[in-house]
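Reader: I am new to this structure and would like a close look at one part of it. Please take the charged side chains and their surroundings, and keep the account plain.

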Amino acid sequence: MRSRREFTQNLAALAGASWIGVGGAAFANPGSERPAEYSPDDIVADGHKFFGSISRGLAQAVESATQRWGKPNGYILGQEAGGAFFGGLRYGEGVMHTRNAGDLRVFWQGPSLGLDAGADGDRTMMLVYNLPSTNAIFRRFGGVDGSAYLVGGFGVTALINDDVYVVPIRSGVGARLGFNVSYLKFTPASTWNPF
């Protein structure tokens, strides 16, 4: 298993960008208890702290997701990097926060295939809906991703597995344009295997 520092350095090299890592967090033992829901105001407040000065469109993104899927019962704050030329890869790490079931470090990785080219490094907030327990995050979530930003901006996608939705809200640097079919696999430890 690679150290967090090596992992972050490799991600930065892949995307051609650097960023500040996720700060320390208190981790509770994940239980089987269903996490409680967050209000949109709670999510936006934490998102503004996390994204900083680039968070202008965050409230709209969260409001749109809330109208479509309801209130999330968890969210992930993290960082990721990806690159693609028709086929691509994405790697990330972060902390999943829940209101009553503790915080949990998570890693994600996954392949993509489609009309997609470029590289990006993102600060990422993922809203999690209908999560029955914290450990239920450790599976694959599939979906369709569309990216269109140069230099900076927000992108919102939705991934699903059964009735659990993961909605990444990305604010990144780089150049990425395209449309692809992809999945993200969430794991409790870092791995370079995207499958």
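How many salt bridges does the structure hold?

Author: The model is a predicted one, and the structure holds four salt bridges. Before three of these are described, some background helps. The protein has three helices and six strands, and along the sequence they follow the pattern α-α-α-β-β-β-β-β-β. Of its 195 residues, 50% are buried. Among contacts with a separation of 6 or more, 75% are between residues 24 or more positions apart.

One of the salt bridges joins the side chains of Asp 42 and Arg 99, with an N to O distance of 2.5 Å. This pair links distant parts of the chain: Asp 42 belongs to helix 2, residues 40–51, while Arg 99 sits in the loop between strand 1 and strand 2, and their positions lie 57 residues apart in the count along the chain. Asp 42 is partly exposed, at a relative accessible area of 30%. Arg 99 is also partly exposed, at 44%.

Another salt bridge is formed by the side chains of Arg 105 and Glu 93, at 3.8 Å from N to O. Here, too, distant parts of the chain are linked, since Arg 105 is in strand 2 and Glu 93 in strand 1, 12 residues apart. Arg 105 has a relative accessible area of 22%, so it counts as partly exposed, the cut-off for buried being under 20%. Glu 93 falls on the other side of that cut-off: its relative accessibility is 0%, and therefore it counts as buried.

The side chains of Arg 139 and Asp 162 meet in a salt bridge as well, at 3.5 Å from N to O. Both residues are in loops: Arg 139 between strand 2 and strand 3 (140–150), and Asp 162 between strand 5 (159–161) and strand 6, with the two 23 residues apart. Asp 162 counts as exposed because its relative accessibility is 61%.

Not every charged residue has such a partner. Asp 103, in strand 2, is buried yet has no salt bridge. The nearest side chain of opposite charge to Asp 103 is that of Arg 105, 9.5 Å away. A salt bridge needs a nitrogen to oxygen distance within 4 Å. The side chain of Asp 103 does, however, make a polar contact of 3.3 Å with the side chain of His 97.

Asp 122 is also placed in strand 2. Asp 122 is buried, as its relative accessible area is 1%. Its C-alpha atom is 9.4 Å from that of Ile 169, although the two residues are 47 apart along the chain.

The nonpolar surroundings complete the picture. In soluble globular proteins, nonpolar side chains tend to be buried together. The largest nonpolar core here has 16 residues, and Ile 76, Val 106, Ile 137 and Phe 186 have the most contacts inside it. Strand 1 (74–97), strand 2 (103–129) and strand 6 (164–187) each supply at least two of the core residues. Strand 2 gives the largest share, five residues. Beyond its neighbours within four places in sequence, Ile 137 touches several residues, including Ile 76, Met 96, Val 106, Val 166 and Phe 186. A second, separate core has 15 residues, among them Tyr 38, Ile 43, Val 44 and Ile 169. Ile 169 is thus the residue named above with Asp 122.

Technical notes
Residues are numbered from 1 along each chain as its sequence is written. This is a predicted model: local features need pLDDT of at least 70, side-chain atom pairs count only at pLDDT 80 or more; totals for chains, interfaces and linings use all residues. Side-chain values use heavy atoms; hydrogens and water are left out. A nonpolar core is a set of buried Ala, Val, Leu, Ile, Met, Phe, Trp, Tyr and Cys residues joined through side-chain atoms within 4.5 Å. Buried means under 20% relative accessible area, exposed over 50%, partly exposed in between (1.4 Å probe, protein chains only). Helices (H or I, at least four residues) and strands (E, at least two) are DSSP runs, numbered from the N terminus. Contact means heavy atoms within 4.5 Å. Lys and Arg count as positive and Asp and Glu as negative; His and the chain ends are not counted. A polar contact is a pair of N or O atoms within 3.5 Å; within protein, one must be able to donate a hydrogen and the other to accept it, and residues adjacent in sequence count only if both atoms are side-chain atoms.
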